[in-house]
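I opened the notebook to go through one model, element by element. The entries below follow the order in which I looked things up.

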Amino acid sequence: MRNIAIAAALILLIAAFVAVAQQSDDAKPSLDGMAVPTYTADGDLIRPDGYRTWVFVGASLGLSYDEDAAEREGPGAFTNVYIQPEAYRYFMETGEFPEGTMLPMDVFRPGSRESINQAGFFEKDFLGMEVAVKDSKRYPEGWAYLSFRDRSGGLRESASAFPKERCYDCHAEHAATDNVFTQFYPVLQRGE
């Protein structure tokens, strides 16, 4: 009788552990269906498709990290940044960007005084597209930064990561959250 009671207690204990494990898995937001980074045979990131339907993180006008930026004429470029919906939900619930997060950024030349526009600026000519990608298996630092702009002004189908000192180091030093400049995007500020 005592052995049966011990066996029953062990079964209940195992069932409790399984239930707790399932609850903690269920508590994490699902990444099912998330567009993930894909690569060429040479290891270049393939430009993500359909990113303009992802969550719009924010825009900037003339944002520059160059100390000589104040000397330039005009407002500088417009940028629009996006993130996969699943990565956005995961970040908002956990405060962490999941592996496979991609943040594509479109870059546009500003236009002004065209048609009925008499003041202000609007996005005019498409200049290129860049991506920040979190992939710790591929990049030793965890994040990489890439540009898909080709020399003719078009877009390449794939791109190699910039050298670490070109983007990563600045992001590591100044980004508010996990190498992402969330300080510039209120949509990614979790109210903490």
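In which strand is the place of L146? I looked it up in the model, which is predicted, and found L146 in strand 6.

**Entry: L146.** I checked its cover next. L146 has a relative accessibility of 1% and is buried, because the cut-off for buried is under 20%. I then listed its contacts, leaving out residues up to four places away in sequence: L146 touches L45, M129, E130, V131, V133, Y139, A159, S160, A161 and F162. For L45 I also noted the C-alpha to C-alpha distance, 8.1 Å, with the two positions 101 residues apart in sequence.

**Entry: strand 6.** I went from the residue to its strand. Strand 6 covers residues 143-147, and five of its five residues are buried. Which residues of strand 6 point one way, and which the other? I found W143, Y145 and S147 on one side, with A144 and L146 pointing the other way. This is in line with a general rule: side chains in a regular strand alternate between the two faces of the sheet.

**Entry: the sheet.** How many strands form the open sheet, and in what order? I counted five, in the order 2-3-4-5-6, with antiparallel pairing. Strand 2 and strand 6 are the edge strands, each pairing on one side only. From one strand to the next, the twist averages 20°. As a general point, strands of a sheet pair through backbone hydrogen bonds.

I looked at the pairing at both edges. At one edge, strand 5 and strand 6 run antiparallel and are joined by five bridges; here V131 stands opposite L146. At the other edge, strand 2 and strand 3 are antiparallel over six bridges, and S60 stands opposite T79 of strand 3.

**Entry: K134.** Is K134 buried or exposed? I had it in strand 5, residues 122-134. Its relative accessibility is 13%, so K134 counts as buried. Beyond its neighbours within four places in sequence, K134 is in contact with F97, P98, E99, G100, T101, G142, W143 and D178. One of these, W143, belongs to the side of strand 6 that also holds Y145 and S147.

**Entry: A172.** I followed W143 to another element. A172, in helix 3 (residues 168-174), is 29 residues from W143 in sequence and 9.4 Å from it in space, C-alpha to C-alpha. A172 has a relative accessible area of 41% and is partly exposed, because that value lies between the 20% and 50% cut-offs.

**Entry: Y65 and the surface.** I then turned to the loop between strand 2 (55-61) and strand 3 (78-83), where Y65 has its place. Y65 has a relative accessible area of 51% and is exposed, because the cut-off is over 50%. Which residues make the nonpolar surface patch? I found L63, Y65 and F184, with an area of about 290 Å².

**Entry: the protein overall.** I closed with the totals. The protein has three helices and seven strands, which run α-β-β-β-α-β-β-β-β-α from the N terminus. Of its 192 residues, 34% are buried. Among contacts with a separation of 6 or more, 56% come from residues 24 or more positions apart. I noted an accessible surface of about 12,000 Å², 53% of it belonging to carbon and sulfur atoms.

Notes. Residues numbered from 1 in each chain as written. Predicted model: local features only at pLDDT ≥ 70, side-chain atom pairs only at ≥ 80, totals over all residues. Heavy atoms only, no water. Patch = residues over 30% accessible without salt bridge, like charges linked within 9 Å, V, L, I, M, F, W, Y side chains within 5 Å. Areas by Shrake-Rupley, 256 points an atom, 1.4 Å probe, with all protein chains shown as cover. Salt bridge = Lys/Arg side-chain N within 4 Å of Asp/Glu carboxyl O. Helix = DSSP H or I, 4+ residues; strand = E, 2+ residues; numbered from the N terminus. Buried < 20%, exposed > 50% of the residue type's maximum accessible area, 1.4 Å probe, protein only. Pairing = 2+ DSSP bridges. Axes fitted to C-alpha atoms, helices over the stretch in contact; angles between N-to-C directions. Contact = heavy atoms within 4.5 Å.
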